[in-house]
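Q: I have a structure open and would like to learn how to read its features one by one. Where should we start?

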Amino acid sequence: SGVNRSGKKGDISGFETHPGFYQMCRNPNLDTTDWDWAIDPIGMEYMLRDLYNRYNKPLMITENGLGAYDTLTDDGRVHDSYRIDYLRSHIAAVGRAIDQGVKVISYNPWSAVDLLSTSNGVKKRYGLIYVDRTDDDPKNCARIRKDSFYWYKKVIASNGGNLD
């Protein structure tokens, strides 16, 4: 994906590069987030298998999540089915890698609570818990559990066995 600071799909102002190390490019076969980051659970499964086969060391996913616009409804809820779909597909990919012998000792979503995105402020939300504030108005910073919070609670209780 390229650099997208607006959060409007397709608003790419260039490609993120670090000369001599990497250059990101768009894969037209993958869906993307509002910020044009690729969504690729099959790629995660492949990466886990490749790294484990190469190094034969247990693996830990420390950060995996979806930055999105979340809306607080009039009834004080956040219905983020898109985040549940994202997490479900990635956890399933980890499960498939484990079924093929990869030792994965941890999967951690990014993040439990909405936090400040260094390049996109508060509008790009990652958490399972909504923080009621904007970039311009700190409001009361109330913490509100999103639908994804309750879903992930069931996933944890089932040790990843229940992804419904």
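Q: Is Asp70 buried or exposed?

A: The model is predicted, and the values below are computed from it. Burial is read from the relative accessible area, with under 20% taken as buried. Asp70 has a relative accessible area of 9%, so Asp70 is buried.

Q: Where along the chain does Asp70 lie?

A: A residue is placed by the helices and strands that flank it. Asp70 sits in the loop between strand E5 (59-64) and helix H2 (81-99).

Q: Which residues is Asp70 in contact with, leaving aside its neighbours within four places in sequence?

A: With those neighbours set aside, Asp70 touches Val78, Asp80, Tyr82, Arg83, Asp114, Arg125, Tyr130 and Lys146. Two of these partners can be looked at in detail. The side chains of Asp70 and Arg83 make a polar contact of 3.1 Å. Another polar contact, of 2.5 Å, joins the side chain of Asp70 to that of Lys146. Sequence distance and spatial distance are separate readings: Asp70 and Lys124 are 54 residues apart in sequence, yet their C-alpha atoms are 8.1 Å apart in space.

Q: How many salt bridges are there?

A: A salt bridge is read from a side-chain nitrogen and a carboxyl oxygen, which must lie within 4 Å. The count here is 11 salt bridges. One of them pairs the side chains of Lys146 and Asp114, at 2.9 Å from N to O.

Q: Which parts of the chain does the pair of Lys146 and Asp114 link?

A: This pair links distant parts of the chain, 32 residues apart. Lys146 is in the loop between strand E8 (143-145) and helix H3 (147-157), while Asp114 is in the loop between strand E6 (104-109) and strand E7 (129-131). Lys146 has 0% relative accessibility and counts as buried. Asp114, at 9%, also counts as buried. Through shared partners, salt bridges join Asp70, Asp80, Arg83, Asp114, Arg125 and Lys146 into one network.

Q: What separates Glu45 and Arg49 in helix H1?

A: In a helix, the spacing in sequence can be read in turns. Glu45 and Arg49 are 4 residues apart in helix H1 (residues 41-55), so about one helical turn separates them. Their side chains meet in a salt bridge of 3.2 Å, N to O. Glu45 is buried at 8% relative accessible area, whereas Arg49 is partly exposed at 26%.

Q: How far apart are the closest N and O atoms of Arg54 and Asp50?

A: They are 2.9 Å apart, and the two residues form a salt bridge. Arg54 and Asp50 are also 4 residues apart in helix H1, or about one helical turn. Arg54 is exposed, with 53% relative accessibility, and Asp50 is partly exposed, with 27%.

Q: How many aromatic pairs are there, and how is such a pair read?

A: The distance of the ring centres and the angle of the planes describe a pair of aromatic rings. The count comes to 3 aromatic pairs. Among them are Phe149 and Tyr150, with ring centres 5.2 Å apart and planes at 85°, so this pair is edge-to-face. Tyr150 is partly exposed, at 39% relative accessible area.

Q: What are the values for Trp151 and Tyr152?

A: The ring centres of Trp151 and Tyr152 are 6.3 Å apart and the planes stand at 35°, so the pair is tilted. Trp151 is buried at 4% relative accessible area, and Tyr152 counts as buried at 11%.

Methods. Residues numbered from 1 in each chain as written. Predicted model: local features only at pLDDT ≥ 70, side-chain atom pairs only at ≥ 80, totals over all residues. Heavy atoms only, no water. Helix = DSSP H or I, 4+ residues; strand = E, 2+ residues; numbered from the N terminus. Buried < 20%, exposed > 50% of the residue type's maximum accessible area, 1.4 Å probe, protein only. Phe/Tyr/Trp six-rings, centres within 6.5 Å; stacked < 30°, edge-to-face > 60°. Contact = heavy atoms within 4.5 Å. Polar contact = N/O pair within 3.5 Å; in protein donor to acceptor, adjacent residues only side chain to side chain.
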